[in-house]
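User: Please take one part of the model shown below and examine it closely. I am a first-year student, and I should like to understand how that part is placed in the whole.

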Amino acid sequence: MQKTWFITGASRGFGRIWAEAALKRGDRVTATARKLADVADLAGRFGDTVLPLALDVTDSAQVHEVVHQAYAHFGRLDVLVNNAGASLFAATEEASDEQIRGLFDANYLGMVRVLRAALPLLRKQGSGHILGVSSGLGITALPLIGFYCATKWAVEALHESLAQEVRAFGLKVTLVEPGAYATDFGKSSQIADVLEPYTAFRKQFLTQLANVEQGDPEATAEALLKLVDTENPPLRLGLGTSILPRARAAYAERLKTWEAWEDVSNTAMGEPKQSSMKEWIEQLAPGTLDPA
């Protein structure tokens, strides 16, 4: 069955690869990028099955307009791929407020804007699959890209919550977590000025990073198509061979630490008190709780 897609960040990398894969199999795609010229070529190759549009996810008004334009053009939306983003290379004390805000504006709030524009349409439609593009760095963090990792951890929490909120409307949610791939993602990366105390560490880290084995991004297309064709898709899909080992190691270490400190954690509970949650719930939604 032909599907209708809306993809942000379709100018290059995963967004471009997935857009082309969907179009090649006969699906319809709204392919968006900050500059229309970066996606306009798709129309020449795929005709009226593709709608190239300019979209800056940091512009709330434009996001709303473009999402609704795409929906009106194709008449439905089956797969929403929230992929647009940027990166920032900086130690915690090297980045400016402006750089950090800009990163979260694109990577996190940009996704929220697209979701807010699309969700009313998807709810009315009663179906749809939302793909939030996270990262293996949404599972564990690395030094000098901590702010980028933080945006992906935020994306993870957002979509885990979203999945529970929209399940009753017939909507599906999946976090797509790519590992290291040979994309040109670095082109959208800001680099903060290095502070002298971090010079040696930055050089050492970059040397290690240069030797990381990377996957072929083209190989992700088949996995993504299988994902959107699955009747009961998972909340999380790791892409590449590094994700599961990364998750296993991270959670084994976390469990080991929590268990080692369990006695201390338990003493922090104190004596059970009457919950103040009821009062809070009553303020949120009067009449929710049975007085009895």
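Analyst: A106 is a suitable place to begin, and it is found in helix α4, which covers residues 97–125. The model is a predicted one, and this should be kept in mind throughout.

Is A106 buried or exposed? Its relative accessibility is 14%. A residue counts as buried when this value is under 20%, and therefore A106 counts as buried. Setting aside residues up to four places away in sequence, A106 touches V57, T58, A84 and M111. Another residue, A90, lies 16 positions from A106 in sequence, and the two C-alpha atoms are 17 Å apart in space.

Helix α4 also contains F104. The relative accessibility of F104 is 25%, so this residue counts as partly exposed. When residues up to four places away in sequence are left out, F104 touches L109, G110, F147, A150 and T151. Three of these names, F147, A150 and T151, deserve attention, since helix α5 spans residues 146–166. F104 and S87 are 17 residues apart along the chain, and 9.6 Å separates their C-alpha atoms.

The loop that leads into α5 should be considered next. L144 has its place in this loop, between β6 (128–133) and α5 (146–166). Its phi is near 70°, a positive value in a residue other than glycine. Most residues other than glycine have a negative phi. As to exposure, L144 has a relative accessibility of 6% and so counts as buried.

On the other side of this loop is strand β6. How many of the six residues of β6 are buried? Six of the six are, so the strand is largely enclosed by the rest of the structure. The two faces of β6 can be described separately: G128, I130 and G132 are buried on one side, while H129, L131 and V133 are buried on the other, so that both faces are covered.

Strand β6 has pairing partners as well. Strand β4, residues 79–82, pairs with β6 in the parallel sense over four bridges. Within this pairing, L80 has I130 in β6 as its bridge partner. Strand β7, residues 171–178, also pairs with β6 in the parallel sense, here over six bridges. The bridge partner of G132 in β7 is L175. The chain travels from β6 to β7 by way of α5, and this β-α-β crossover is right-handed. Helix α5, the helix entered after the loop that holds L144, is thus the helix of this crossover.

A comparable arrangement can be followed earlier in the chain, around strand β2. This strand comprises residues 28–33, and five of its six residues are buried, so β2 is largely enclosed by the rest of the structure. Strand β1, residues 4–7, pairs with β2 in the parallel sense over four bridges, and T4 stands opposite R28 in β2. Between β1 and β2 the chain passes through helix α1, residues 13–24, in a right-handed β-α-β crossover. Strand β2 is also joined to strand β3, residues 50–54, by five bridges, and these two strands run parallel. A right-handed β-α-β unit is made by β2, helix α2 (residues 41–46) and β3.

V29 gives a closer view of strand β2, in which it is found. With 0% relative accessibility, V29 counts as buried. Its bridge partner in β3 is V50. Beyond its neighbours within four places in sequence, V29 is in contact with W5, I7, A19, A22, L23, T49, V50, L51 and F74. Among these contacts, W5 and I7 belong to the span of β1, whereas A19, A22 and L23 belong to the span of α1. P52 is 23 residues from V29 in sequence, and 8.2 Å lies between their C-alpha atoms.

These local details may finally be placed in the whole. The protein has ten helices and nine strands. Of its 292 residues, 42% count as buried. Among contacts with a separation of 6 or more, 71% are between residues 24 or more positions apart. The C-alpha atoms fill a box of roughly 70 × 65 × 35 Å along the principal axes. The accessible surface comes to about 16,300 Å², and 55% of it belongs to carbon and sulfur atoms. There are 29 positive and 35 negative side chains, and the centres of the two sets lie 5 Å apart.

Technical notes: Residues are numbered from 1 along each chain as its sequence is written. This is a predicted model: local features need pLDDT of at least 70, side-chain atom pairs count only at pLDDT 80 or more; totals for chains, interfaces and linings use all residues. Side-chain values use heavy atoms; hydrogens and water are left out. Buried means under 20% relative accessible area, exposed over 50%, partly exposed in between (1.4 Å probe, protein chains only). Contact means heavy atoms within 4.5 Å. Accessible areas come from the Shrake-Rupley method with a 1.4 Å probe; for residues, only the protein chains shown count as cover. Lys and Arg count as positive and Asp and Glu as negative; His and the chain ends are not counted. The place of a charge is taken as NZ of Lys, CZ of Arg, CG of Asp or CD of Glu. Two strands pair if DSSP finds at least two bridges between them. A crossover is right-handed if, with the strands pointing away from the viewer, the path from the first strand over the helix to the second runs clockwise.
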